[in-house]
Amino acid sequence: MKKRNAALDIFKIFLSIMVVTCHQFGKQDLIFNNNFDKWDSWFFNIFTVLITSPVPIFILISAYLAASSSKQNLNGFFKLGIDTFLYWIICVALVVILVSGLNIDISINKTLIFGGRDWWYLWSFLIIKAISPILVQGIKNLNKIVSSVGILFILVIRFAFIKSNNKELFDAGSIIGFLSVYLVGIWMTLYWKEQMKDKRVIKISLVVCCLLIVLPLIFKIMKYGIDVNISDLAGFDSPMTPIPVIFSIFAFILISNVYIESNKVTTLIAKTLLPVYLFHFAFEITMNQLVWSKVFRGTNSLALYELNFFIAIITWIITECFALVIIYPHEFMSKYLNKGLWATIAFVKNKYNKKSLAKN
């Protein structure tokens, strides 16, 4: 049995914190009374590529795992569907409790229909997961030149024509963006796995990642001279624009070459990262409305605005504790619902085969 790579788990934990940080920096209007924009923050400028790249990196990792699997079937899709249903029930219950008990301003209707604020990722993932075996097999059947041209075309279409709205719902832009990066991950796994281990490729990847991390800081300094935020114009703060996607590809190459022996702590936390992503919005909104807006409202101190990162850490820890509480009951229910689903499918299939034999 192939050992679990803790390097991927540790990296995903870091990315999870960056996702929460990204969303927290978008709430300056609620907490700081529109005194600041996220681009005023030195922290956000310095780490903007790291803050906005987690989604495409998560997609690349998912594609890598799918393409590396020896079995290409719909088992993963059905499991994810059941997991999504159970998480949706928990999310609705949590939002109802927060709205009715603490008078938190969260839309129950939107939660009932689409789940939480950031659930576009899960719905897009569910759609891509359904066709993942077809995607993997399709790229295998095409030669690498033809498939790479097709993937590049989808990426260009996404970058040039589709504006994704990743707020409450999910749209065509989200799905096409997800699909394009997912295809890149499959292609790299199938056709470039050995090249990714090449020392020259690793060095180039390290240089590119460092350059893309430093660029926003340079643009922040330049803003004092030209009064234009190039990072903002270039879309550094959006996960599905060219710079974060390019950074994600080279960061994925780097992390795929790191191996750390797995341990129980990293494995356990890695299991909670999906619910952390799905539920952190509820705790973020609750803390912003009940605590942070009362502490920082109307402040003119940029130094206090930089505390958004530490606010995000607190939100992540609270959500992680919640995820640890629900993960085992969720796994228990998911396991037996999966067994029930496949038992039902087997029963129906057996009945159909008996009828077919009877007719013959």
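Here is a short chat about some labels used for this predicted model.

User: Before we start, how do you know which residues and atoms count?

Analyst: Numbering runs from 1 along each chain as its sequence is written, and side-chain values use heavy atoms, leaving out hydrogens and water. As this is a predicted model, local features need pLDDT of at least 70 and side-chain atom pairs count only at pLDDT 80 or more, while totals for chains, interfaces and linings use all residues.

User: How do you know how many disulfides there are?

Analyst: A disulfide is a covalent bond between the sulfur atoms of two cysteines. Here the term is used for a pair of cysteine sulfur atoms within 2.5 Å. Take Cys-22: the closest cysteine sulfur is in Cys-209, 18 Å away, so that's too far for a bond. Cys-91 has its closest cysteine sulfur in Cys-321, also 18 Å off and too far. Searching the whole structure turns up zero disulfides.

User: Why is Cys-91 called buried or exposed?

Analyst: Buried means under 20% relative accessible area, exposed means over 50%, and partly exposed is in between (1.4 Å probe, protein chains only). Cys-91 sits at 1%, so it's buried. Cys-22 has 22%, so it's partly exposed.

User: And what makes Ser-132 buried or exposed?

Analyst: Its relative accessible area is 4%, so Ser-132 is buried. It lies in helix H7 (residues 120-141); helices here are DSSP runs of H or I with at least four residues, strands are E runs of at least two, and both are numbered from the N terminus. Skipping neighbours within four places in sequence, Ser-132 is in contact (heavy atoms within 4.5 Å) with Ala-66 and Tyr-182.

User: What makes H4 and H12 parallel, perpendicular or oblique?

Analyst: Helix H4 (residues 54-68) and helix H12 (residues 242-256) pack at about 45 degrees, with axes 9 Å apart. Axes are lines fitted to C-alpha atoms, for helices over the stretch in contact, and angles run from 0 to 180 degrees between N-to-C directions. Under 35 degrees is roughly parallel, over 145 roughly antiparallel, 65 to 115 roughly perpendicular, and the rest oblique. So H4 is oblique to H12. Residues making the contact include Ile-57 and Tyr-64 of H4 and Phe-247 and Phe-252 of H12.

User: Why is H1 called parallel or antiparallel to H4?

Analyst: Helix H1 (residues 6-25) packs against H4 at about 150 degrees, with axes 9 Å apart. That angle makes H1 roughly antiparallel to H4. Among the residues that meet are Leu-8 and Phe-11 in H1 and Pro-54 and Phe-58 in H4.
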